[in-house]
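Dear colleague,

Please find below the structure I am handing over to you. My notes on what was found in it follow directly after.

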Amino acid sequence: MIKNFLAALFAVASLAAGSAAAQPTTSPTLGNIKAAKAIHVAYPADSLPFSVNGPNGAPVGYSIDLCKRVIAQIGRAVGEPELKVNWIPGSVAERLQMVASGRAELECANTTQTQSRLANVDFSNLIFVDGGGLLVVAGAPINQVSDLAGKRVAVLKGTTTEQRLNDMLRVRLINATVVPIADANQGVAMLESGAADAYAGDKVKLVGLAVQSKDPSKLALVAEELSFEPYALAMPRNDSAFRLEVNKALTQVYVGGDIERIFGQWLGKLGRPSPLLAAAAALWSEDSHVAAMRERLRARFDLADRHLRGYPGYVR
């Protein structure tokens, strides 16, 4: 059922992109980028494997690789193939505010598209789908959300995970203490020091944080999911021409096969992949090679799953 639901979701997104293509518009965002010969991009510096500062300080990750292709398409659209890229780090609230205020034209991260956020920014087609979860100390007596009663749970403030965690605890009458924090690494540090009993976040990011921790074997993921998290790139509202260029680039990534390399590099061993990316590729193109690409992606997903089974606490 979930596959059919998301397939329909991707189809609607593609139809929306087609509608935008049929309506010639002038893009204020593209005009500003062309005049400045530069684009400002908001990103998180601590969201491995989606976006993190690399060894030289420049951002790297799954979302960053997708954004670089988007930026190249925008450069072609405005006739400036060598656009200067100004990367601006920030929390999710800061990044969305940058886009809403015009300080940034694009946000490249692991940001969930929600109806409330659509009141302030627009979003691209989906780039990934994850689920919210809990990271705990291995061996801790926390195997499901109900075990959080009387416990302290750290969560990034201003995120969809914070909102949904609070809602779930309230609805299920679970008396846990939610501790909002500003930095993802702080959540892991609180687990390691005993200041928190669990850290809530998107599962793929939690695995990335655990792998980077002092001793990954001492951390584990709880199997139960907190939420459904569809990721997309944020951009200014009411600019369909700009959104079209962004989605053109994303479509080419899927249709051209770049998604295989990008996915393999950043999520092949860290994430809990699903066939949804292949479904997106199939919906964005009717070319005969897409079916073969879908099968190659599914094989890659299965390989990643086998790698993850060696990670403590991973549950398929």
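Glu229 and Arg164 form a salt bridge in this predicted model, with their closest N and O atoms 2.9 Å apart. Since Glu229 belongs to strand 12 and Arg164 to helix 5 (residues 160-171), the pair ties together parts that lie 65 residues apart in sequence. The two partners differ in exposure: Glu229 has a relative accessible area of 0% and is therefore buried, whereas Arg164, at 27%, counts as partly exposed.

In total, the structure holds 7 salt bridges. Another of them joins the side chains of Arg69 and Asp258, at 2.9 Å from N to O. This pair also links distant parts of the chain, with Arg69 in helix 3 and Asp258 in helix 9, 189 residues apart. Arg69 is partly exposed, because its relative accessibility of 24% falls between the limits of 20% and 50%. Asp258 is likewise partly exposed, at 32%.

A further salt bridge, between the side chains of Asp167 and Arg170, has an N to O distance of 3.2 Å. Here both residues lie in helix 5, 3 residues apart, or about one turn of the helix. Asp167 is partly exposed, with a relative accessible area of 29%; Arg170 reaches 53% and counts as exposed.

Turning to the interior, the largest nonpolar core comprises 34 residues. The members that touch the most other members are Tyr62, Ile74, Leu106, Phe128 and Val246. Two or more residues of this core come from each of helix 2 (28-36), strand 1 (38-43), helix 3 (62-78), strand 7 (122-137), strand 12 (227-235), helix 8 (240-256) and helix 9 (258-267). Helix 3 supplies the largest share, 8 residues. Helix 3 and helix 9 thus appear in both contexts, as contributors to the core and as the elements that hold Arg69 and Asp258.

Finally, there is an open sheet of 3 strands, in the order 2-3-4, with antiparallel pairing. Strand 2 (46-47) and strand 4 (59-60) are at its edges; each has a single partner strand, so one side of each is left without a neighbour in the sheet. Strand 2 runs antiparallel to strand 3 (residues 51-53) and is joined to strand 3 by 2 bridges. Within this pairing, Ser47 has Ser51 in strand 3 as its bridge partner.

With kind regards

Terms used
Residues numbered from 1 in each chain as written. Predicted model: local features only at pLDDT ≥ 70, side-chain atom pairs only at ≥ 80, totals over all residues. Heavy atoms only, no water. Core = buried A, V, L, I, M, F, W, Y, C linked by side-chain atoms within 4.5 Å. Buried < 20%, exposed > 50% of the residue type's maximum accessible area, 1.4 Å probe, protein only. Helix = DSSP H or I, 4+ residues; strand = E, 2+ residues; numbered from the N terminus. Pairing = 2+ DSSP bridges. Salt bridge = Lys/Arg side-chain N within 4 Å of Asp/Glu carboxyl O.
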